[in-house]
Amino acid sequence: MKLVKKISIAVVVVLAVVAVTAYVMYQQVLNYAKVPLNLTQETIFTVPSGTGRVALESLLVDEKIINQSNEFQWLLKIRPELAKMKAGTYRLQPNMNIEQLLALIASGKEAQFSIRFIEGNRLSDWTTILLDAPYLKHEVQDKTPKELYSAIGFEGEGSLEGWLYPDTYMYTAGTRDIDILKRAHQQMKKNVDDIWQSRSKNLPYKNPYEMLIMASIIEKETGIDSERDQVASVFVNRLNKNMRLQTDPTVIYGLGEKYRGKIYRSDLENYTPYNTYRIDGLPPTPIAMPSLASLKAAAHPAKTDYLYFVADGTGGHTFSRNLDAHNRAVKVYRQIEKQN
């Protein structure tokens, strides 16, 4: 009996020691979960596809986000919901702890990146912006125009110029640049279709594409919302009177890489398909990506009898009904330029 009693006491003691040890370890692991990350600034961290528990710890240690510790793997066992890591790219903050890090990776809430295309940009500008954007999968530069148009669903004739909606687009790491263009094209197409359906009557456009071309010219002529419809009225009035548009942004677009920041008289005299001092009507394609405001102005120009406008020296324009008034406005503007 005494032996049995001694054995029982020994078992109890061992179990107690095991329980205490387990409790201490459990507390250590829970405390470890609250340990801050080794970060002093926002960090982008990528979990590759197929990453397991051990590989994740190695990545975090290699990138000095956490220190090597036995508790890491124990934490994943004690808190199995934190072990359900999802591949992706995550944005880690300096105030995060290890538990929050693992919870983020388990949630699959990847870092969002943004890319902004400004009104008035050209297609060539968009290509450069895409190439400079981080974490995008670049495919655009490897495709011919025909392949690119097919990939984004562009069914129009001629150039993609003008057919991409300028806006800020959000994406996650690994998104294809083609998918960004596809979203931008779908949005512009929808805007053009909607605005064309609600356009004013008796406009000198044969189709929505001509309205888009007009919107791109308006976009390059003014950035002031309050005068877009007046600029539109000048061009619409000139088209209705069979007057040439004579707008400098089309000349600049036609010059392409030859443009060096200034238009010379020879540029106005030389023929290009975009030189509206030499061609009748609209140029063959848009000259930029227009904003929604410019599309609306093209579809709803102000009702005026203006035929001319010139910069007023303060960022806006002076509008005139006849050439004499226009020449006076030009003279005033040149005097302001000279003073400045």
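**Figure 1. Domain 2 and domain 3, whose C-alpha centres lie 26 Å apart.** In the contact between these two domains, 17 residues come from domain 2 and 15 residues come from domain 3. Please keep in mind, here and in every view that follows, that this is a predicted model. The domain assignment splits the chain into domain 1 (32-110), domain 2 (112-191) and domain 3 (202-339).

**Figure 2. The largest nonpolar core, a set of 57 residues.** Look for Ile-115 and Met-214, the members that touch the most other members of this core. Two or more residues come from each of β3 (113-116), α5 (123-132), α6 (145-152), β4 (168-171), α7, α8, α9 and α12 (292-299). Where does this core lie with respect to domain 2 and domain 3? Both domains give residues to the core, so it lies between them.

**Figure 3. Met-214 and its contacts from elsewhere in the chain.** With neighbours within four places in sequence set aside, Met-214 is in contact with Tyr-205, Phe-235, Val-236, Leu-239, Leu-282 and Ala-298. Another core, of 26 residues, lies apart from the core that holds Met-214. Its members include Tyr-32, Leu-37, Leu-76 and Ile-98.

**Figure 4. Helix α12 and what covers its buried residues.** Which residues of α12 are buried? They are Ser-294, Leu-295, Ala-297, Ala-298 and Ala-299. The cover over these buried residues includes α7, α8 and α9. Here is a handy idea for looking at any helix: an α-helix has 3.6 residues a turn, so residues three or four places apart point the same way.

**Figure 5. The largest pocket, with about 1,000 Å³ of space.** Its lining is made of 27 residues, and Asp-248, Tyr-277, Phe-309, Val-310 and His-326 are the ones nearest the pocket centre. At least two lining residues come from each of α9 (225-240), α10 (248-255), α11 (265-269), β5 (308-311) and α13 (323-339). Which helix gives the most to this lining? That is α13, with six residues. If you sort the lining residues by type, you find 17 nonpolar, four polar and six charged.

**Figure 6. His-326, a residue of helix α13.** His-326 is among the lining residues nearest the centre of the largest pocket. Is His-326 buried or exposed? Its relative accessibility is 13%, so His-326 counts as buried, the cut-off being under 20%. Not counting residues up to four places away in sequence, His-326 touches Tyr-308, Phe-309, Val-310 and Ser-320. Two of these partners, Phe-309 and Val-310, are also named among the lining residues nearest the pocket centre.

**Figure 7. The second largest pocket, with about 240 Å³ of space.** You can trace its lining through Phe-154, Glu-155, Gly-156, Glu-157, Trp-163, His-185, Lys-189, Asp-193, Pro-208 and Tyr-209. Helices α7 (177-197) and α8 (208-221) each supply at least two of the lining residues. With three residues, α7 gives the most. By type, the lining divides into four nonpolar, two polar and four charged residues.

**Figure 8. Lys-190 in helix α7.** Lys-190 has a relative accessible area of 47%, so it is partly exposed. Now find Tyr-165, which is 25 residues from Lys-190 along the chain. The C-alpha atoms of the two residues are separated by 9.7 Å.

**Figure 9. Lys-109 in the loop between α4 (98-107) and β3.** Lys-109 is exposed because its relative accessible area is 61%, and exposed means over 50%. Between Lys-109 and Thr-89 the C-alpha to C-alpha distance is 8.7 Å, although they are 20 residues apart in sequence. Residues up to four places away in sequence aside, Lys-109 touches Tyr-90 and Leu-104.

**Figure 10. Asn-202 and Gln-246, two loop residues with positive phi values.** Asn-202 is found in the loop between α7 and α8, and its phi is near 60°. At 74% relative accessibility, Asn-202 counts as exposed. Gln-246 sits in the loop between α9 and α10, with a phi near 50°. Its relative accessible area of 38% makes Gln-246 partly exposed. Each phi is a positive value in a residue other than glycine.

How values were computed. Residues are numbered from 1 along each chain as its sequence is written. This is a predicted model: local features need pLDDT of at least 70, side-chain atom pairs count only at pLDDT 80 or more; totals for chains, interfaces and linings use all residues. Side-chain values use heavy atoms; hydrogens and water are left out. On a 1 Å grid over the protein atoms alone, a cavity is a set of points where a 1.4 Å probe fits but cannot get out, and a pocket is an open set with protein on both sides within 12 Å along at least five of seven lines; lining residues have an atom within 4 Å of a point. Grid points are joined across faces, edges and corners, and a volume is the space filled by probe spheres set on the points. Helices (H or I, at least four residues) and strands (E, at least two) are DSSP runs, numbered from the N terminus. Ala, Val, Leu, Ile, Met, Phe, Trp, Tyr, Cys and Pro count as nonpolar, Asp, Glu, Lys and Arg as charged, and the others, Gly among them, as polar. Buried means under 20% relative accessible area, exposed over 50%, partly exposed in between (1.4 Å probe, protein chains only). Contact means heavy atoms within 4.5 Å. A nonpolar core is a set of buried Ala, Val, Leu, Ile, Met, Phe, Trp, Tyr and Cys residues joined through side-chain atoms within 4.5 Å. Domain bounds come from an automatic or database domain assignment.
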